[in-house]
Amino acid sequence: EMQLVESGGGLVQSGGSLRLSCAASGFTFNDYAICWFHQAPGKEREGVACISDSDGNTAYADSVKGRFTISSDNTENTVYLQMNSLRPESTTVYFCAAGAYTGWETLSVYEYDPWGQGTKVTVSS
């Protein structure tokens with residue numbers, strides 16, 4: 001069974017950093033793209049960053065370019081999201097998910113399965 005588990009969320013001051021981890025099991029890691037999404041209360045999940053299957057190419061939302069970095073450790077089946085210069089608007093729940101990446105413009109939560117349970121990030125002002 002394909003499973004993803006997020007960890008690394010917590011409380012951080014504005015301008016600080018966190019590193020989120022997404023541990024995958026039950027599938028061949030490099031056959032899928034892995035994306036990070038976030039979701040604020042009452043809003044839909046939005047894409048944050050993706051790393052594509054075996055080629056390692058990355059893509060980011062404009063709002064996090066230059067501050068967030070997505071990377072992978074294929075030997076551990078783990079994807080990371082390094083978040084620097086955090087802002088209060090980053091106070092959301094972050095999810096990772098596996099799927100097919102066909103371009104940022106077509107990124108959709110409905111094309112990704114499975115999902116992790118989410119890890120909450122709180123950025124204080």
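Here are some worked exercises on the predicted model shown above.

**Exercise 1. The fold as a whole**

Task: Find how many helices and strands the chain has, and decide how its radius of gyration compares with the globule rule.

Solution:
- Step 1. Start with the secondary structure: the chain has 11 strands and zero helices. Read from the N terminus, the elements run β-β-β-β-β-β-β-β-β-β-β.
- Step 2. Turn to the radius of gyration, which is 13 Å for the chain, close to the 14 Å that the globule rule gives for 125 residues. The chain is therefore as compact as a globular protein of that length.
- Step 3. Add the outline: along the principal axes, the C-alpha atoms fill a box of roughly 40 × 30 × 25 Å.
- Step 4. Look at the contacts between residues at least 6 apart in sequence: 59% of them join residues at least 24 apart.
- Step 5. Finish with the surface. Of the 125 residues, 43% count as buried. The accessible surface comes to about 6,600 Å², and carbon and sulfur atoms account for 44% of that.

**Exercise 2. Pairing the cysteines**

Task: Work out which cysteines are bonded, which strands they link, and what handedness each disulfide has.

Solution:
- Step 1. Count the disulfides: the structure holds two. As a reminder, a disulfide is a covalent bond between the sulfur atoms of two cysteines.
- Step 2. Take Cys22 and Cys96, whose disulfide has an S to S distance of 2.0 Å. Cys22 sits in strand 3 (residues 18-25) and Cys96 in strand 9 (residues 92-99), so the bond links distant parts of the chain, 74 residues apart.
- Step 3. Check the torsion about the S-S bond of Cys22 and Cys96: at about 75 degrees, it makes this disulfide right-handed. Both Cys22 and Cys96 are buried.
- Step 4. Repeat for Cys35 and Cys50, whose sulfur atoms lie 1.9 Å apart in a disulfide. With 110 degrees about the S-S bond, this link is right-handed. Cys35 belongs to strand 4 (residues 33-39) and Cys50 to strand 5 (residues 46-51), 15 residues apart.
- Step 5. Test burial against the cut-off of under 20% relative accessible area. Cys35, at 0%, counts as buried, and Cys50, at 2%, counts as buried.
- Step 6. Number the bonded cysteines along the chain, and the pattern is 1-4, 2-3.

**Exercise 3. Mapping the nonpolar cores**

Task: Identify the residues with the most contacts inside the largest nonpolar core, and say which strand gives the most to it.

Solution:
- Step 1. Recall the general trend: in soluble globular proteins, nonpolar side chains tend to be buried together.
- Step 2. The largest nonpolar core here has 27 residues, and those with the most contacts inside it are Trp36, Leu81, Met83 and Tyr94.
- Step 3. Trace the suppliers: strand 3, strand 4, strand 5, strand 7 (68-73), strand 8 (78-83), strand 9 and strand 11 (119-124) each provide at least two residues of this core. Strand 3 gives the most, with four residues.
- Step 4. Zoom in on Tyr94. Beyond its neighbours within four places in sequence, Tyr94 has contacts that include Leu20, Trp36, Phe68, Leu81, Met83 and Val121.
- Step 5. Apart from the largest core lies another, of seven residues, among them Ala33, Ala97, Leu107 and Tyr112.

**Exercise 4. A salt bridge and some backbone details**

Task: Locate the salt bridge, the cis peptide bond, and the positive phi values of Asn77 and Ser85.

Solution:
- Step 1. A search of the whole structure finds one salt bridge. It joins the side chains of Asp62 and Lys65, at 3.0 Å from N to O. Asp62 is exposed, with a relative accessible area of 64%.
- Step 2. Set the backbone baseline: most residues other than glycine have a negative phi, and most peptide bonds are trans.
- Step 3. The bond between Asp113 and Pro114 is cis, with omega about 5 degrees. Pro114 lies in strand 10 (residues 112-115).
- Step 4. Asn77 has a positive phi, near 50 degrees, and lies in the loop between strand 7 and strand 8. Its relative accessible area is 18%, so Asn77 is buried.
- Step 5. Ser85 has a positive phi near 50 degrees and is found in the loop between strand 8 and strand 9. At 40% relative accessibility, Ser85 counts as partly exposed.

Key: Residues are numbered from 1 along each chain as its sequence is written. This is a predicted model: local features need pLDDT of at least 70, side-chain atom pairs count only at pLDDT 80 or more; totals for chains, interfaces and linings use all residues. Side-chain values use heavy atoms; hydrogens and water are left out. A disulfide is a pair of cysteine sulfur atoms within 2.5 Å. Buried means under 20% relative accessible area, exposed over 50%, partly exposed in between (1.4 Å probe, protein chains only). A nonpolar core is a set of buried Ala, Val, Leu, Ile, Met, Phe, Trp, Tyr and Cys residues joined through side-chain atoms within 4.5 Å. Contact means heavy atoms within 4.5 Å. A salt bridge is a side-chain nitrogen of Lys or Arg within 4 Å of a carboxyl oxygen of Asp or Glu. The radius of gyration is taken over C-alpha atoms; the globule rule is 2.2 Å times the number of residues to the power 0.38. Accessible areas come from the Shrake-Rupley method with a 1.4 Å probe; for residues, only the protein chains shown count as cover.
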